[in-house]
Every structure is written in C-alpha cells, then in structure tokens.
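Thanks for coming. I have one structure to go through today, so please look at it while I talk.

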Amino acid sequence: MGGVPAVSIAISEIFGPTIQGEGALIGVPTVFVRTGGCDFRCSWCDTLYAVEPRFKADWQPMAASAILAEVNRLSGGAPLLVTLSGGNPALQPLDALLALGHQQGHTFAMETQGSKAQPWFRMLDHLTLSPKPPSSGMAFNRERFEACLAAAGADTQVSLKLVIADEADYRWARALADDYPQLPLYLQPCNPAPATPEQPERETDTQELNARLRWLVDKVTGDRWYRARVLPQLHVLIWNNERGV
Ligand SMILES: C[S@@+](CC[C@H](N)C(=O)[O-])C[C@H]1O[C@@H](n2cnc3c(N)ncnc32)[C@H](O)[C@@H]1O
Ligand SMILES: Nc1nc2[nH]cc(C(=O)O)c2c(=O)[nH]1
Ligand code: SF4
Ligand SMILES: [Mg+2]
C-alpha cells in the first residue's frame, strides 16, 4: 500500500510566464523552473541564491506532480515551453517531470554547463549547453561535455551558449566552437554587475553592458566569424537585474 514515494526535486523558484531571454529560444514565452544546487561556482554567476549551499534551506523538495501543478497554475492551464535552469538542473532527477509534463502537452528546454550527463537528456526538446570560459574561474572538462552531447542523442535540439567577459574568453570560445561545428552557436556578453545575495537590488551598468555587446559584435564581424550569433540577455535589457522575470 502507498506505492513508491515520489522522488523529490530541489526547487529554488518557479516563475513566469515570461520570455526566454537568452540563446536559441530568445523571445519564446515560457515558465522557468529553477532547481537548487550547483557543482560550479562561477565568479560572475547571476543566480547564487540557487547555487550556494548556505541557501539550501530556501530550496523546497517538490514532486514532479507538484511542480507541474504550479507550472499549470502560472500558465493558466495552457501547455507551453517549460525552461529548466538552476543551479545545475542536471544534478536533479528530472525524468518523471519530463514524462508527466510531456503527457500534459508541455515542451521542455534545459540550461546546463555540461558538467554532468543524465540519460533523461534525450527526453528534452531543447538542451542549451553553456560550458564556462576562463573568466568564470571554472575548468572546462571536454569528456563530460561530450558525455552530455551523447546523452542528448539525435532528437534533442542542442545549442551552445557561451558567456564572454573578455578577450581571453573570446579566444577560448572560438577554439571550442570550432570543435563542434554542428552546434548552433550563441555568444552572450557577461553581465558586468549581476545581483548578488548581498546586493539583491543591485542594478547592472547598462552602458558597460552595451559597450560589451558592441565590442563582441565588432570582434565577430571583424574576424568574419559568421557562424556566431551575438545576443544580449533580453530580460536584463527589459528588467535589469530583477529576479523572477
Ligand atoms: C544561471 S545559469 C544556470 C544553468 C547552468 N548552471 C549554466 O550555467 O548553464 C544560466 C545561464 O546564465 C548564464 N549567466 C550566469 N551569470 C551570467 C552573467 N553574469 N552574465 C551573463 N550570463 C550569465 C550562464 O552562463 C548560463 O548560460
Ligand atoms: N527571462 C529569463 N530568461 C532566462 N534565460 C536564462 C535564465 C536563467 O537564469 O537561467 C533566464 C532568466 O532568469 N530569465
Ligand atoms: S554553472 Fe551556472 S548556476 Fe552554476 S555557478 Fe555557474 S552560472 Fe551559476
Ligand atoms: Mg539568469
């Protein structure tokens, strides 16, 4: 009696509908499901409240059915694109969420740094792999990244989204992208002043952000790197560093 207890997923926040502000699906209406916990700690991370273990008490263990109930409440009951982010959502058991969500008509995209592969990656409709450049302070592990690509298989649309803070990041991005010519490639300038747990109300420097965007466009066009697509974080242009949008 009682059956198998539902597996729980650590949830930092569920919000939307808003628009996807980054990468291949920019502009698409979506609800975000943000998991808690990350195996990285990037120097410029804009979501440390979903990363640092000191915030563990804020992350709620939720069953797939409860997460989807909240997604459906926010979406008004209509199926839509659900974006899984974090923290690193690849650390969570998300297969039941994907199976049940698909049954309900939702589609799923996920953002991850490519440090951990899961067999359920092939259940995703879109997978954004965002390996970290030198400025993040994190090391790139090619074997793990390629395990993520293999786990996604042929039916999941995979794209590469690289954050660029400086010249060294740009050079790293060029070399990395050359090794994966089949992947759609998105470059996004690093937010120079993301909000932090200590300064949740911090505003970014929009002039500096715009200068970084212009610099990146100049680099890409100057190098005739016509495969790269340069995009801002649209949500930062619209709402600055506000959380939950
Ligand atoms: C917060 S992360 C969560 C998902 C996963 N941990 C990852 O890094 O891909 C989502 C996206 O935001 C990007 N990001 C984080 N901080 C940023 C910043 N200061 N400027 C630009 N992009 C940033 C990450 O590189 C990643 O592509
Ligand atoms: N609108 C919006 N787009 C996003 N794209 C990636 C986000 C993230 O934090 O993972 C994000 C986010 O937090 N908001
Ligand atoms: S991998 Fe993603 S969530 Fe984790 S610290 Fe880096 S940017 Fe933040
Ligand atoms: Mg974000």
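**Three ligand shells and one helix**

I'll start with ligand 3, where the shell divides into 5 nonpolar residues, 5 polar and 1 charged. Bear in mind that this is a predicted model. The residues around ligand 3 are C38, F40, R41, C42, C45, T47, V51, G86, G87, N88 and Q113.

Next, ligand 2. Its shell consists of T18, I19, Q20, G21, E22, F32, T47, S85, E111, H235 and V245. By class that gives 3 nonpolar, 6 polar and 2 charged residues. T47 appears around ligand 2 and also around ligand 3.

Ligand 1 has 19 residues around it, and the closest are W44, D46, E111, S130 and N191. Two elements give two or more residues to this shell: β5, residues 107-112, and β7, residues 157-164. The split here is 6 nonpolar, 10 polar and 3 charged. E111 is among the closest residues to ligand 1, and E111 is also in the shell of ligand 2.

Now the helix, α3, which covers residues 142-152. Which of its residues are buried? They are F145, C148 and A152. Viewed down the axis of α3, the buried residues fall within an arc of 55 degrees, so they line one face of the helix. As background, an α-helix has 3.6 residues a turn, so residues three or four places apart point the same way. On the other side of α3, R142, E143 and A150 are exposed.

What covers the buried face? The cover over the buried residues of α3 includes β6, residues 126-129, and β7. β7 is also one of the elements that contribute to the shell around ligand 1. After α3 comes G153, with a positive phi near 70 degrees.

Definitions and conventions:
Residues are numbered from 1 along each chain as its sequence is written. Chains are lettered from A and ligands numbered from 1 in the order in which they are written. This is a predicted model: local features need pLDDT of at least 70, side-chain atom pairs count only at pLDDT 80 or more; totals for chains, interfaces and linings use all residues. A residue is near a molecule or strand if its C-beta atom, placed from the backbone, lies within 6 Å of it. Helices (H or I, at least four residues) and strands (E, at least two) are DSSP runs, numbered from the N terminus. Ala, Val, Leu, Ile, Met, Phe, Trp, Tyr, Cys and Pro count as nonpolar, Asp, Glu, Lys and Arg as charged, and the others, Gly among them, as polar. A residue is buried if 20 or more other C-beta atoms lie within 10 Å of its own, exposed if 12 or fewer, and partly exposed in between; C-beta atoms are placed from the backbone. The arc is that of the directions from the helix axis to the C-beta atoms. Two residues are in contact if their C-beta atoms, placed from the backbone, lie within 7 Å.
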